[in-house]
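Trainee: Please give me a close look at one loop of this protein. I would also like to know what the rest of the chain looks like around it.

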Amino acid sequence: LIERDVRFVQVNRGGFDTHSNNFPAMTNHGDVMDPALASLVEDLAATGRLKKTLIIMISEFGRTPRVNDNAGRDHHAKVFSCFLAGGGVKGGQVVGSSDEDGVMPDERPVKPHDIHASVCHSLGIDGSKEIMTPLERPMRLIREGGESVKELFA
């Protein structure tokens, strides 16, 4: 699709809601996702498309640092990870960290609206723009206070 200049492609993989049996599920996800993501980055780089294609891998929640009674990990919105590549993103870096126990952000916290601002920056979209939803409600693309993560593009 990207080679045919489709502007937006979304790929979903379910099964990340690991409230039980977290470890076998995550091993399975890694076995599938790691080589697929690496191949996508390599293929786009080989064709020169990685420079103008932004890849994002993110979920709606992080996971608790503690394992529950069902060998699972529950929703944890305070700390989560996001993978970005291409689209002007400088690779090979980690921005931000959690505390020692993975409970709270520690160094260089990044908020969800900062990720939105970074995506808009990468794609050349004015994130301060207000649009109308299909229900005729005005909506800003980026929540007020959201700032692009400058380190990503340095």
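Mentor: We start with the whole chain, move to the loop, and then visit other parts.

This is a predicted model: local features need pLDDT of at least 70, and side-chain atom pairs count only at pLDDT 80 or more, while totals for chains, interfaces and linings use all residues. Residues are numbered from 1 along each chain as its sequence is written, and side-chain values use heavy atoms, with hydrogens and water left out.

First, the outline. The protein has two helices and six strands. Both are DSSP runs, numbered from the N terminus: helices are H or I with at least four residues, strands are E with at least two. Along the sequence the order is α-β-β-β-β-α-β-β. The C-alpha trace spans about 45 × 35 × 35 Å along its principal axes. Of the 154 residues, 22% are buried. Buried means under 20% relative accessible area, exposed means over 50%, and partly exposed is in between (1.4 Å probe, protein chains only). Take contacts between residues at least 6 apart in sequence: 60% of them join residues at least 24 apart. Contact means heavy atoms within 4.5 Å.

Now the loop. Asn68 lies between β2 (62-63) and β3 (75-76). Its side chain reaches the backbone nitrogen of Asn70 at 2.8 Å. The side chains of Asn68 and Asp74 are joined by a polar contact of 3.0 Å. Such a contact is a pair of N or O atoms within 3.5 Å; within protein, one must be able to donate a hydrogen and the other to accept it, and residues adjacent in sequence count only if both atoms are side-chain atoms. Leaving out residues up to four places away in sequence, Asn68 touches His19, Arg73 and Asp74.

Ala71 is in this loop between β2 and β3 too. Its phi is near 60°, a positive value in a residue other than glycine. Most residues other than glycine have a negative phi. Ala71 has a relative accessible area of 33%, so it is partly exposed.

Next, the loop between β4 and α2. Arg108 is found there, with a positive phi of about 50° although it is not a glycine. Arg108 is partly exposed because its relative accessibility is 33%. Asp101 is in the loop between β4 and α2 as well. Its C-alpha atom is 6.8 Å from that of Pro65, though 36 residues separate them along the chain.

A buried loop residue makes a contrast. Thr53 sits between α1 (22-46) and β1 (54-58). Its relative accessibility is 12%, so Thr53 counts as buried. Beyond neighbours within four places in sequence, Thr53 is in contact with Ile2, Leu44, Ala85, Gly86 and Gly87. Ala85 belongs to the largest nonpolar core, with Leu37, Leu44, Leu50 and Ile55. A nonpolar core is a set of buried Ala, Val, Leu, Ile, Met, Phe, Trp, Tyr and Cys residues joined through side-chain atoms within 4.5 Å. Ala85 also touches Val41 and Leu54, among others.
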